[in-house]
Amino acid sequence: MRYYFDNAATSFPKSPAVLAAMEVYQRECGAAAGRGGYRSAIAAGKIVDDCRTIAGRVLHCDASRLIFTFNGTDGLNQAILGVCRPGDHVVTTTWEHNSVLRPLRYLEDRVEVSVTRLVPDRNGQVTPDAIKAALTSKTRLVIVQHASNVLGVVQPLMEIGEAVRSHGALFAVDAAQTAGHRSITVGDAPIDLWITSGHKGLGGPLGTGLFYIGSRAEEHIEPRRWGGTGTYSEDDRQPTELPDRYESGNLNVPGLAGLGAALSELTDEILTQRQQHERALVAELWDQLAHCSAITLYGPSPQEADRIGVISLNIAGFAPHELASILDEHYGIEGRAGLHCAPGVHRWLNTIETGGTYRMSLGPMITTEDMAHLARSLIEIAGGN
Ligand SMILES: Cc1ncc(COP(=O)(O)O)c(C=O)c1O
């Protein structure tokens, strides 16, 4: 039996509708989108258009403002490198994923962009006041994760967004860990750039991502990739319209067939149910494990902070990688040990030197039985309560 608890990396299993849509495309169509006038090329184009339309419905935003990317990292690079210019100042947090920290470090080292990295408070929160205090006349961009991929802590996005808006800077959100786990009205939120993977909570296949560009950001963001779009082919300048401006090169049509099918299964009601279900599962697991003296649970408890279904722990006497191997080999549990590409969280926890933590992340397919098996296995390895 396989118990998959690495949904923060990518969700598994994908729904049958996703697999079917990808197979139908590969078997029966197989053409590139937007590149030819024959019927299968038009059918491929429709797959892309339909996926965009459905994504706009799920995210409550203008679909023509959604760009397809190849993963979350791709969208985050486009956002950061596309907006920042020499002399700009950026505000972010130390808890960001390396897909935010590394492009920012690159800009700092190469093009004189300065970066303020805020350390979250003891409950893992970056308050709007802390953001306000960091803003300067040179701040062009504030980029913050919606939820941590190590501790699951959720940031007060709307309040931060209002603070950034009143200053005039652009607000970018890394929603890699919350998309598909919580409902959001991207179009009405005080968010200028919203980036996520398509292959995590949204349930699409690997190689997919979504990037929303709001009207305030539109004229400030340059493409980071230039090339064929299937439009204005006589011109060697990049088209200026959304989404073509940011979608050079062939799109991942099989991936978008799958992503479209995954998004078709999402409604606000389903997302609200997921959120409640995951909250209940996390609270119960936390309660069961908190009694076990050999187990260290990291970050604020679910009573102290709003959290998604991501939990990090260590068991005394085991290195995180050793624990991961034991859980995999003897209990069929697949989770992830290490620093999770978020070294700043591990600095905050003081777990860098000891190999990080063991992380379990929930997805929509996780059942209460899976959770019971996880809790029993961890308690057994820890030597009982
Ligand atoms: C918070 C966060 N941001 C960005 C990413 C990068 O997403 P992707 O793996 O789709 O490139 C991840 C991936 O785990 C993540 O957890």
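Reader: Which residue stands opposite Arg117 in strand 4?

Author: In this predicted model, Thr92 stands opposite Arg117 in strand 4. Strand 3, which covers residues 89–93, pairs with strand 4 in the parallel sense over 5 bridges.

Reader: What makes strand 3 and strand 4 count as a pair?

Author: Two strands pair if DSSP finds at least two bridges between them, and strand 3 and strand 4 have 5 bridges, so the condition for pairing is met.

Reader: Why is one side of strand 2 and of strand 4 left without a neighbour in the sheet?

Author: The open sheet has 7 strands in the order 2-8-7-6-5-3-4, with mixed pairing. Strand 2 (66–69) and strand 4 (114–118) stand at its edges, and because each has a single partner strand, one side of each is left without a neighbour. From one strand to the next, the twist averages 15°.

Reader: Why are helix 9 and helix 12 called roughly parallel?

Author: The axes of helix 9 (residues 268–290) and helix 12 (residues 368–381) come within 10 Å and cross at roughly 20°. Angles under 35 degrees count as roughly parallel, and the two helices are therefore roughly parallel to each other. In the contact of helix 9 with helix 12 there are, by class, 7 nonpolar, 1 polar and 1 charged residues.

Reader: What is the angle between helix 3 and strand 7?

Author: Helix 3 (residues 72–83) runs at about 155° to strand 7 (193–197), and lies across several strands, including strand 2 and strand 8. Angles over 145 degrees count as roughly antiparallel, so helix 3 and strand 7 are roughly antiparallel.

Conventions: Residues numbered from 1 in each chain as written. Predicted model: local features only at pLDDT ≥ 70, side-chain atom pairs only at ≥ 80, totals over all residues. Helix = DSSP H or I, 4+ residues; strand = E, 2+ residues; numbered from the N terminus. Axes fitted to C-alpha atoms, helices over the stretch in contact; angles between N-to-C directions. Contact = placed C-beta atoms within 7 Å. Parallel < 35°, antiparallel > 145°, perpendicular 65-115°, else oblique. Nonpolar A, V, L, I, M, F, W, Y, C, P; charged D, E, K, R; others polar.
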